[in-house]
Amino acid sequence: MNAAPNILYQLMDVIEDRRQTLPENSYTTQLFAGGVPRISEKLIEEAQEVIAAATEDGASGRDHLIHEAADLLFHLMVLLGHQEINLQEVEDELGRRFGVSGLEEKAARNND
């Protein structure tokens, strides 16, 4: 692996800094200014690009999917940052679900 294992946390720190300081000439600042509607629009766009890239064959398709997945993760992290949700909270939720059948977990949510 060529990236630091905590790159997502490093990126989240940058996103949090952007939320607090709102520097000019920052794409993240522009997303924050647009609020949930703008960030959601980008998430939908990026999700569609991930799906399209997943249909591409070969090494270039794989590379494209990785690129688009990174874009999707970034925009999801911006949304989380906008809503003041940190990665640890998401990890905790995934940990709560770990080892539980996805079907069982979904059924339990539907019973609430």
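# Helices, core and loops of a predicted model

Tutor: This is a predicted model. Of the contacts in the protein between residues at least 6 apart in sequence, 58% join residues at least 24 apart.

Student: What secondary structure does the protein have, how many helices and how many strands?

Tutor: The protein has five helices and zero strands. Read from the N terminus, the order of elements is α-α-α-α-α.

Student: And what does the C-alpha trace span along its principal axes?

Tutor: The C-alpha trace spans about 45 × 40 × 30 Å.

Student: How much of the protein is buried?

Tutor: Buried residues account for 22% of the 112 residues.

Student: Which residues make up the largest nonpolar core?

Tutor: That core has 12 residues in all: Met12, Ile15, Leu31, Phe32, Ile39, Leu43, Phe74, Met77, Val78, Leu79, Leu80 and Leu87.

Student: Which elements give two or more residues to this core?

Tutor: Those elements are α1, α2 (27–54) and α3 (58–82). The largest share, five residues, comes from α3.

Student: Pick Val78. What does Val78 touch, not counting residues up to four places away in sequence?

Tutor: Val78 touches Ile15, Thr28, Leu31, Phe32 and Ile39. Ile15, Leu31, Phe32 and Ile39 are also listed in the largest nonpolar core, as is Val78 itself.

Student: Change of topic, helix α1. How many residues does α1 have, and what distance does α1 reach from its first C-alpha to its last?

Tutor: Helix α1 has 15 residues and reaches 21 Å between those two atoms, close to the 21 Å expected at 1.5 Å a residue.

Student: At what angle do the axes of α1 and α4 cross?

Tutor: The axes of α1 (residues 7–21) and α4 (residues 87–97) cross at roughly 140 degrees and come within 10 Å.

Student: Why is α1 called oblique to α4?

Tutor: Because of that crossing angle, α1 counts as oblique to α4. Roughly antiparallel would need an angle over 145 degrees.

Student: Which residues make the contact?

Tutor: From α1 they are Leu8, Tyr9 and Met12, and from α4 they are Leu87, Gln88 and Glu91. By class, the contact has four nonpolar, one polar and one charged residues. Met12 and Leu87 also appear in the largest nonpolar core.

Student: What about Arg97, where does Arg97 lie?

Tutor: Arg97 lies in helix α4.

Student: How far is Arg97 from Glu16 in sequence and in space?

Tutor: Arg97 and Glu16 are 81 residues apart in sequence and 26 Å apart in space, taken C-alpha to C-alpha.

Student: And why does Arg97 count as partly exposed?

Tutor: Arg97 counts as partly exposed because its relative accessibility is 32%.

Student: Now backbone angles. What is phi of Leu22?

Tutor: Phi of Leu22 is near 45 degrees, a positive value in a residue other than glycine. Most residues other than glycine have a negative phi.

Student: Where is Leu22 found?

Tutor: Leu22 is in the loop between α1 and α2, and it follows α1. With a relative accessible area of 44%, Leu22 is partly exposed.

Student: Which loop is Glu84 found in?

Tutor: Glu84 is in the loop between α3 and α4. Glu84 has a positive phi of about 60 degrees, although it is not a glycine.

Student: Is Glu84 buried or exposed?

Tutor: Glu84 is exposed, since its relative accessible area is 57% and the cut-off for exposed is over 50%.

Conventions:
Residues are numbered from 1 along each chain as its sequence is written. This is a predicted model: local features need pLDDT of at least 70, side-chain atom pairs count only at pLDDT 80 or more; totals for chains, interfaces and linings use all residues. Side-chain values use heavy atoms; hydrogens and water are left out. Axes are lines fitted to C-alpha atoms, for helices over the stretch in contact, and angles run from 0 to 180 degrees between N-to-C directions. Helices (H or I, at least four residues) and strands (E, at least two) are DSSP runs, numbered from the N terminus. Angles under 35 degrees count as roughly parallel, over 145 as roughly antiparallel, 65 to 115 as roughly perpendicular and the rest as oblique. Contact means heavy atoms within 4.5 Å. Ala, Val, Leu, Ile, Met, Phe, Trp, Tyr, Cys and Pro count as nonpolar, Asp, Glu, Lys and Arg as charged, and the others, Gly among them, as polar. A nonpolar core is a set of buried Ala, Val, Leu, Ile, Met, Phe, Trp, Tyr and Cys residues joined through side-chain atoms within 4.5 Å. Buried means under 20% relative accessible area, exposed over 50%, partly exposed in between (1.4 Å probe, protein chains only). The expected span of a helix is 1.5 Å times one less than its number of residues.
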